[in-house]
Amino acid sequence: MDRLDREILGILQEDARISYRDLGVRVGLSANAAGDRVRRMRRDGVIRGFTVIVDPAADTRSGLVVFIDVTLRLDTTNEEFERSVLMLPGITEVVHVTGGHDYLLRATAADPAALDTLLRRLKREAGIAHSNTRIALRAAPKH
């Protein structure tokens, strides 16, 4: 990866829908050359995919979007926890983190009662000692 590839990645992170023509103009390449670089980075696994970020408040189908800070019990290994938590419905992301907690989970729940059920299952089935849950109200628009 060179300077141009890094510049292309930065632009795609801001706007993954940019045309190859506009991308090329911004980095000083032809549309074909810009497209070739993007395809190569996809083929090489540098770009793993493109995604849509939905404002949690706008997605009424999923109910609540929550972030759960998790501290594991002393007798729970990371491998056991990850295996258990990924089997629970509603868990959409599991991130091992530094700081005061062991993991940060992103999850969805239809309503507060479903969230309560999920939290109880996490403690019972996944080996969690403590958790702190935050509900997403909305996501700031990315400019």
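**Entry 1. Surface and overall form**

I take accessible areas from the Shrake-Rupley method with a 1.4 Å probe. The model I examined is a predicted one. On that basis I recorded an accessible surface of about 9600 Å² for the protein, with 51% of this belonging to carbon and sulfur atoms. I noted that buried residues account for 30% of the 143 residues.

I then looked up the dimensions. Along the principal axes, the C-alpha atoms fill a box of roughly 55 × 35 × 25 Å. I found a radius of gyration of 20 Å, whereas a compact globule of 143 residues would have one near 15 Å.

For the charges, I counted 22 positive and 20 negative side chains. The centres of these two sets lie 4 Å apart.

**Entry 2. Order of elements**

I listed five helices and four strands. Read from the N terminus, their order is α-α-α-β-α-β-β-α-β. I also checked the sequence separation of contacts: of those between residues at least 6 apart, 60% join residues at least 24 apart.

**Entry 3. Aspartate 5**

I located aspartate 5 in helix H1, which spans residues 3-14. Is this aspartate buried or exposed? Its relative accessible area is 2%, so I entered aspartate 5 as buried, the cut-off for that class being under 20%. I next asked which residues aspartate 5 is in contact with, leaving aside its neighbours within four places in sequence. They are Arg37, Arg40 and Met41.

**Entry 4. Helix H2**

I examined helix H2, residues 20-27, and found its buried residues to be Leu23, Gly24 and Val27. They lie on the same side of H2, because the arc that they cover around the axis is only 100 degrees. I recalled the general rule here: an α-helix has 3.6 residues a turn, so residues three or four places apart point the same way.

Against which helices do the buried residues of H2 pack? I recorded H1 and helix H3 (31-43). On the face of H2 turned away from the buried side I found the exposed residues Arg21 and Val25. Glycine 28 follows H2, and I noted that its phi is positive, near 80 degrees.

**Entry 5. Arginine 17**

I placed arginine 17 in the loop between H1 and H2. Arginine 17 counts as exposed because its relative accessibility is 79%, the threshold being over 50%. I also looked up a pair of C-alpha atoms: those of arginine 17 and threonine 51 are separated by 10.0 Å, with the two positions 34 residues apart along the chain.

**Entry 6. The loop between S1 and H4**

I turned to the loop that joins strand S1 (64-72) to helix H4 (78-85), where I found threonine 76. At 11% relative accessibility, threonine 76 is to be classed as buried. Leaving aside neighbours within four places in sequence, I listed Phe81, Ala126 and Gly127 as its contacts.

Arginine 73 has its place in the loop between S1 and H4 as well. How does arginine 73 count at 35% relative accessibility? I entered this residue as partly exposed. With neighbours within four places again left aside, arginine 73 is in contact with Lys123, Gly127, Ile128 and Ala129. I noted that Gly127 is listed for both threonine 76 and arginine 73. Finally, I recorded a separation of 16 Å between the C-alpha atoms of arginine 73 and glycine 99, which are 26 residues apart along the chain.

How values were computed. Residues numbered from 1 in each chain as written. Predicted model: local features only at pLDDT ≥ 70, side-chain atom pairs only at ≥ 80, totals over all residues. Heavy atoms only, no water. Helix = DSSP H or I, 4+ residues; strand = E, 2+ residues; numbered from the N terminus. Buried < 20%, exposed > 50% of the residue type's maximum accessible area, 1.4 Å probe, protein only. Contact = heavy atoms within 4.5 Å. Arc of directions from axis to C-beta. Rg over C-alpha atoms; globule rule 2.2 N^0.38 Å. Lys, Arg positive; Asp, Glu negative; His and termini not counted. Charge placed at Lys NZ, Arg CZ, Asp CG, Glu CD.
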